[in-house]
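Let's take a walk through this one together, starting at the ligand and working outwards. Keep the viewer open as you read.

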Amino acid sequence: MNGSQALLSSMVETLQSKTDLSSSQVNVVICPPFPYIGFLKKITDGVSIDAGSQNVHTEASGAYTGEISVSMLQEWKVQYGIVGHSERRAYNGETDELVNQKSKVLLGANITPVICIGESLEQREEGVHETTVIAQLNAALAGMSEEEIKSCVIAYEPIWAIGTGKTASNEQANQMHEVIRTRLVELTDADSAKKISILYGGSVNAKNSGELLGQPEIDGALVGGASLKPDDFSQIVNSCL
Ligand code: PGA
């Protein structure tokens, strides 16, 4: 629930002038609040920036005041949809089961779900971070075909690192990505699992993105705070190039 049309305009202009959006090395996606998606699509017409949503409802349509359906996202030509962000899990009662349903609804509309998983500080301190994250992953992907799993993006976001300025160390992040990748190999196969993007999220900024994104198992970043600063976000994009 951040930003404005003016910020989006400035972000798109800055990305165009400071990064090489046509590079095959990077895929830039902006997931603004719902009211801005139409505007974003308009100002990125012909520009290599994809649009994503921050949520979707599971029902196709109906009396669900305040909700957004997948067909509305399709009309906006949204390519990605974030599901299960820890804030939605915490404040909107988004359960693993709902994350699974929403991911399937998106897949059914050819929209790539960006499935967020991650442990709390308590769970890490108790040493159950790996089992927690794998349980979330299993639940999110339950009942999906291999083809569907291959069409998902996974975002590992330790809750204790989101918006706190505390980043997981390169090693901590890479190790968790390895654990997730290993499970994806079991669910698909080695080649396919390699191609599934696993993003890291949690206080990624212009200073630490180079090292984090340089880790072998980290394929990209889900950026919150730094995505509100066009120069910083452009630097993060450039650290992928
Ligand atoms: P942050 O947010 O980059 O500000 O930690 C990440 C997120 O909200 O997913």
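The shell around the ligand sorts into 4 nonpolar, 6 polar and 1 charged residue. Keep in mind that this is a predicted model. If you want to pick the shell out by hand, select His85, Glu157, Ala161, Ile162, Gly163, Gly202, Ser203, Leu222, Val223, Gly224 and Gly225.

Now for the polar contacts. His85 uses its side chain: one of its N or O atoms sits 2.9 Å from an oxygen atom of the ligand. Gly163 works through its backbone, with an N or O atom 2.6 Å from a ligand oxygen. Gly225 also brings a backbone N or O atom, here at 2.8 Å from an oxygen of the ligand. How much of the ligand does the protein bury? On its own the ligand would expose 280 Å², and the protein buries 88% of that.

Just along the chain from His85 comes Ser86, which belongs to helix H4, residues 86–91. Its relative accessibility is 14%, and because buried means under 20%, Ser86 counts as buried. Setting aside neighbours within four places in sequence, Ser86 is in contact with Ile159 and Ile162. Ile162 is also one of the residues surrounding the ligand, so you can step from the helix straight back to the shell. Going the other way in sequence, Val83 is part of strand E3, residues 80–83. With 0% relative accessibility, Val83 counts as buried. What does Val83 touch, not counting residues up to four places away in sequence? The list is Glu94, Val99, Lys102, Ser103, Leu106, Pro113, Val114, Ile115 and Cys116. Take Val114 from that list: Val83 and Val114 are 31 residues apart in sequence, yet their C-alpha atoms are 5.9 Å apart in space.

Ser103 is another stop on the list of residues touched by Val83. You'll find Ser103 in helix H5, which covers residues 96–108. Is Ser103 buried or exposed? Ser103 is buried, since its relative accessible area is 0%. Beyond the neighbours within four places in sequence, Ser103 is in contact with Val83, Pro113, Ile115 and Met144.

Two loop residues are worth a look for their backbone angles. Most residues other than glycine have a negative phi. Lys77, in the loop between helix H3 (70–75) and E3, has a positive phi near 60 degrees. Asn110, in the loop between H5 and strand E4 (112–117), also has a positive phi near 60 degrees. Lys77 counts as exposed because its relative accessible area is 58%, with the cut-off at over 50%. Asn110 is exposed as well, with a relative accessible area of 73%.

Finally, zoom out to the whole chain. There are 12 helices and 7 strands, and the C-alpha trace spans about 45 × 45 × 35 Å along its principal axes. Does the radius of gyration agree or disagree with that of a compact globule? For 241 residues a compact globule would have a value near 18 Å, and the chain has 17 Å, which agrees. Buried residues make up 48% of the 241 residues. Among contacts between residues at least 6 apart in sequence, 67% join residues at least 24 apart. As for the outside, the accessible surface of the chain comes to about 11600 Å², and 48% of that belongs to carbon and sulfur atoms.

Technical notes. Residues are numbered from 1 along each chain as its sequence is written. This is a predicted model: local features need pLDDT of at least 70, side-chain atom pairs count only at pLDDT 80 or more; totals for chains, interfaces and linings use all residues. Side-chain values use heavy atoms; hydrogens and water are left out. A residue is near a molecule or strand if one of its heavy atoms lies within 4 Å of it. A polar contact is a pair of N or O atoms within 3.5 Å; within protein, one must be able to donate a hydrogen and the other to accept it, and residues adjacent in sequence count only if both atoms are side-chain atoms. Accessible areas come from the Shrake-Rupley method with a 1.4 Å probe; for residues, only the protein chains shown count as cover. Ala, Val, Leu, Ile, Met, Phe, Trp, Tyr, Cys and Pro count as nonpolar, Asp, Glu, Lys and Arg as charged, and the others, Gly among them, as polar. Helices (H or I, at least four residues) and strands (E, at least two) are DSSP runs, numbered from the N terminus. The radius of gyration is taken over C-alpha atoms; the globule rule is 2.2 Å times the number of residues to the power 0.38. Buried means under 20% relative accessible area, exposed over 50%, partly exposed in between (1.4 Å probe, protein chains only). Contact means heavy atoms within 4.5 Å.
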